[in-house]
Amino acid sequence: MRFAVVGGGISGLVAAYRLRQRFADAEITILEASDRVGGKLWTVPLAGGDIDIGAEAFVGRRPEVPALLTELGLAEQLVHPSGARPLVWAGGELHPLPAGTLMGIPADADSVAGLVDESTRARVAAEPSVPLEWDRTADIDVGSLVADRFGEQVVRRSVDPLLGGVYAGLSSSIGVRAALPTLAAALDNGAASLTAAVRQALPPPSTAPVFGGIRDGYGVLLDALVRAARADVRLDSPVTDMSAVSGFDGVILALPAWALATLLPDLAPETAAIEHSTSALVALALPPDTALPGNSGILVASGESLRAKAFTLSSRKWPHLARRQVLIVRASFGRAGENMDHWTERDLIDAARADLERVTGTSIEPVDATVALWRNGLPQYGPGHLDRVAAIEAAVAELPGIEVAGAYLGGVGVPACVASGTAAAARLATEVAR
Ligand SMILES: Cc1cc2nc3c(=O)[nH]c(=O)nc-3n(C[C@H](O)[C@H](O)[C@H](O)COP(=O)(O)OP(=O)(O)OC[C@H]3O[C@@H](n4cnc5c(N)ncnc54)[C@H](O)[C@@H]3O)c2cc1C
């Protein structure tokens, strides 16, 4: 058997590893366009240590990443955050991030008290008594739904900062059905108000940590996957035409949606309809006595006069990073629709520094800095996304020996990508066994 995996991000590496588990003697080739594997996972040196400058964490309630680490003999690499909570910069001040919300959508007025003005708080409190119209057959962007029920301030100060973190999106670029399926289900099932729907949609209380991370960075997971897959990894090998993989018995296309469009032109309308946002990350190493707050990060409300959209105070968030000789901060830039082409690395470092000085009120003097630009890095799960994915999957199912995996299918997070790579390999294995 000869298999090709196109795209060496986490989805593709997991797919290759799962194929290896089923086909001990198969020839497995990974074709990767860039000069390294990992895609949005990238561990780089900073001030004498390694840090992640793409994804840095994963949702801790999902089993995929801890299970994968254990399988690969890396269980001791699993780490959890300190439990420190983030702040929100809104209206020119820092506020605690509301607790007990669903992606920033409050379940009651108290959770946003202090963050929003009194009239918005009163509006959230009164929302259950305002008749709700919900179309079970349609999809809507999160921003329109929340603004209509709770007002703009809840969108800009509570929802946008969280969606900016997950999708590099804005509530106007993200649809309710794909991004908040439990909320959509509660509304479909007749919840009488948005407040009631959020209460039903919130996950049950759990003592499990919300996030997990990898002590030495995602690079150790990538290395272990490459070893375990025993694949022929070909870097600097962009696939621009399906004829490049025609000699294989099975092919997994583990690509971003925009790249899939060029390989399978019949899918171009569906894939082109998936928009992507560009973001940039600046990692700063600061002297250990820099007076940063004790919080895990600072999210920035949309519409504020800052250029950064969030700061992760990594040394406060992660106990294993707190042991380093420097304080590490990740500043992120770029929200849906924002063009970042004019930014140089220097501009980004200067903006990270100036904005961090403004929100912390302390002098920021980096001893080291590194930058990553993630052009078209995150697919936007806009209204109608689930229908587009269903159309893509149905069309691919008609193509013999070809499967797809990736962040645009079942979730952008690393656990969802691991699941996507695993599922694609299982489908291909079933198909070639027929
Ligand atoms: C800045 C940032 C921070 C993030 N933070 C988190 C986080 O903390 N937690 C979390 O769970 N998720 C996070 N994510 C999301 C997550 O990292 C990604 O969704 C996930 O890594 C995508 O993996 P993938 O393999 O599907 O795609 P990618 O990582 O995009 O990999 C696709 C690969 O295909 C290659 N390729 C493209 N075109 C071709 C071609 N024609 N031929 C061959 N190869 C090609 C690319 O070079 C790339 O290596 C973050 C994403 C970004 C951008």
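Two strands are said to pair if DSSP finds at least two bridges between them. Strands (E, at least two residues) and helices (H or I, at least four) are DSSP runs, numbered from the N terminus. The model is predicted, so local features need pLDDT of at least 70 and side-chain atom pairs count only at pLDDT 80 or more, while totals for chains, interfaces and linings use all residues. Residues are numbered from 1 along each chain as its sequence is written, and side-chain values use heavy atoms, with hydrogens and water left out.

One open sheet has five strands in the order β12-β2-β1-β13-β19, and the pairing is parallel. β12 (232-234) and β19 (402-404) form its edges. Each has a single partner strand, so one side of each lacks a neighbour in the sheet. Neighbouring strands are turned by 15 degrees against each other on average, direction ignored. This angle, like those below, is taken between N-to-C directions and runs from 0 to 180 degrees; axes are lines fitted to C-alpha atoms, for helices over the stretch in contact.

β2 (residues 27-31) pairs with β12 over three bridges. Here threonine 29 has aspartate 232 of β12 as its bridge partner. β1 and β13 run parallel and are joined by four bridges. Phenylalanine 3 is opposite glycine 250 in β13. Three bridges link β13 to β19 in the parallel sense. Leucine 253 has valine 404 of β19 as its bridge partner.

Which residues cover the two faces of β13? Gly250 and Ile252 lie on one side, Val251 and Leu253 on the other, and all are buried (under 20% relative accessible area; exposed is over 50%, partly exposed in between; 1.4 Å probe, protein chains only). Two helices accompany this sheet. Helix α1 (residues 10-22) packs on the sheet and touches β1 (2-6), β2 and β13 (250-253). Its direction makes about 175 degrees with that of β2. Helix α16 (residues 414-433) lies across β1, β13 and β19, at about 165 degrees to β19.

A second sheet is also described. This open sheet has seven strands, ordered β8-β7-β15-β16-β17-β14-β18, with mixed pairing. β8 (93-96) and β18 (368-379) are the edge strands, and each pairs on one side only. The twist averages 25 degrees from one strand to the next. β14 (residues 276-286) and β17 (residues 327-333) are antiparallel and share seven bridges. Leucine 286 has leucine 327 of β17 as its bridge partner. Helix α14 (residues 345-360) packs on the sheet, at about 70 degrees to β14.

The largest nonpolar core has 42 residues. Such a core is a set of buried Ala, Val, Leu, Ile, Met, Phe, Trp, Tyr and Cys residues joined through side-chain atoms within 4.5 Å. Ile105, Val142, Val146, Leu183 and Leu194 have the most contacts inside it. Elements that give two or more residues include β7 (87-90), α4 (142-150) and α5 (152-167). α5 gives the most, with six residues. In soluble globular proteins, nonpolar side chains tend to be buried together.

Helices α4 and α5 pack at about 145 degrees, with axes 8 Å apart. In α4, Val142, Gly143, Val146, Ala147 and Phe150 meet Glu152, Val154, Val155, Val159 and Leu163 in α5. Leaving aside neighbours within four places in sequence, valine 146 is in contact (heavy atoms within 4.5 Å) with Ile105, Gly151, Val154, Val155, Val159 and Leu194. Another core, of 40 residues, lies apart from the largest one; Val37, Leu225, Leu428 and Val432 are among its members.
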